[in-house]
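Take a walk through this protein, from the whole fold down to single residues. Start with the view below.

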Amino acid sequence: MPARKGAARRRKFKKWALEVWSFAKGYLSFSKLLVYAVLYIDYKSTMTTLDLCRISVANNYTGSLPYLTALIAFLQAATATVLSFSLNKSKAENTTGGITYDTATKRDC
């Protein structure tokens with residue numbers, strides 16, 4: 001019986017994921033969706049890790065927590081990389097008639 005519940009749950013999740021994807025596909029490009037997904041994963045993982053650190057301290061854990069703090073650092077590095085490439089892509093796309101946004105807004109005083 002639990003196998004049927006698991007299969008039904010997977011089908012329900014798959015249906016939900018397809019509905020979300022079809023909604024987001026009309027409004028967001030894949031790169032923006034990727035950035036939002038990475039930011040969401042980073043946020044949830046960081047909050048979960050900090051909650052684990054808080055629970056450890058509340059239970060009088062006096063050791064260090066390098067495995068938890070390293071997880072936050074690695075996720076932040078991945079987020080920084082994705083955002084950097086996304087901003088570079090956006091900068092390359094924002095050109096009109098060969099004039100980039102930076103040169104159009106630059107003031108000659």
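One definition comes before the tour: buried means under 20% relative accessible area, exposed means over 50%, and partly exposed covers what lies in between. Keep in mind, too, that this is a predicted model.

Begin with the fold. The protein has four helices and two strands. Read from the N terminus, the elements run α-α-α-β-β-α. The protein counts 109 residues, and 13% of them are buried. About 9400 Å² of the protein is exposed. Carbon and sulfur atoms supply 64% of that area. Now take the contacts between residues at least 6 apart in sequence. Of these, 47% join residues at least 24 apart.

Helix α1 comes next. This helix spans residues 2-27, and Val20 lies in it. Is Val20 buried, partly exposed or exposed? Its relative accessibility is 37%, so Val20 counts as partly exposed. That value falls between the cut-offs of 20% and 50%. Val20 also belongs to a surface patch. Together with Phe13 and Trp16, Val20 makes a nonpolar patch of about 330 Å².

Charge appears on the surface as well. Lys5, Arg9, Arg10 and Arg11 gather there in a patch of positive charge. One of these residues, Arg9, lies in helix α1. Arg9 has 59% relative accessibility and therefore counts as exposed. The cut-off for that class is over 50%.

Move on to helix α2, which covers residues 30-58 and holds Thr49. How does Thr49 sit, buried or exposed? Its relative accessibility is 2%, so Thr49 counts as buried. The cut-off here is under 20%. Which residues does Thr49 touch, leaving aside those up to four places away in sequence? They are Leu68, Leu71 and Ile72. Helix α3 spans 66-93, and these three partners of Thr49 carry numbers inside that range.

Ser45 also lies in helix α2. At 23% relative accessibility, Ser45 counts as partly exposed. Pair this residue with Leu75. The two are 30 residues apart in sequence. In space, their C-alpha atoms are 8.1 Å apart.

Last, look at the link between helices. Asn60 has its place in the loop between α2 and α3. What is notable about phi of Asn60? Phi is near 60°, a positive value in a residue other than glycine. Asn60 is exposed, because its relative accessible area is 65%.

Set the residues side by side to close. Thr49 in helix α2 is buried at 2%, while Ser45 in helix α2 is partly exposed at 23%. In helix α1, Val20 is partly exposed at 37% and Arg9 is exposed at 59%. Asn60, in the loop between α2 and α3, is exposed at 65%.

Conventions: Residues are numbered from 1 along each chain as its sequence is written. This is a predicted model: local features need pLDDT of at least 70, side-chain atom pairs count only at pLDDT 80 or more; totals for chains, interfaces and linings use all residues. Side-chain values use heavy atoms; hydrogens and water are left out. Patches are made of residues with over 30% relative accessible area and no salt bridge: like charges are joined within 9 Å, nonpolar side chains (Val, Leu, Ile, Met, Phe, Trp, Tyr) within 5 Å. Accessible areas come from the Shrake-Rupley method with a 1.4 Å probe; for residues, only the protein chains shown count as cover. A salt bridge is a side-chain nitrogen of Lys or Arg within 4 Å of a carboxyl oxygen of Asp or Glu. Buried means under 20% relative accessible area, exposed over 50%, partly exposed in between (1.4 Å probe, protein chains only). Lys and Arg count as positive and Asp and Glu as negative; His and the chain ends are not counted. The place of a charge is taken as NZ of Lys, CZ of Arg, CG of Asp or CD of Glu. Contact means heavy atoms within 4.5 Å.
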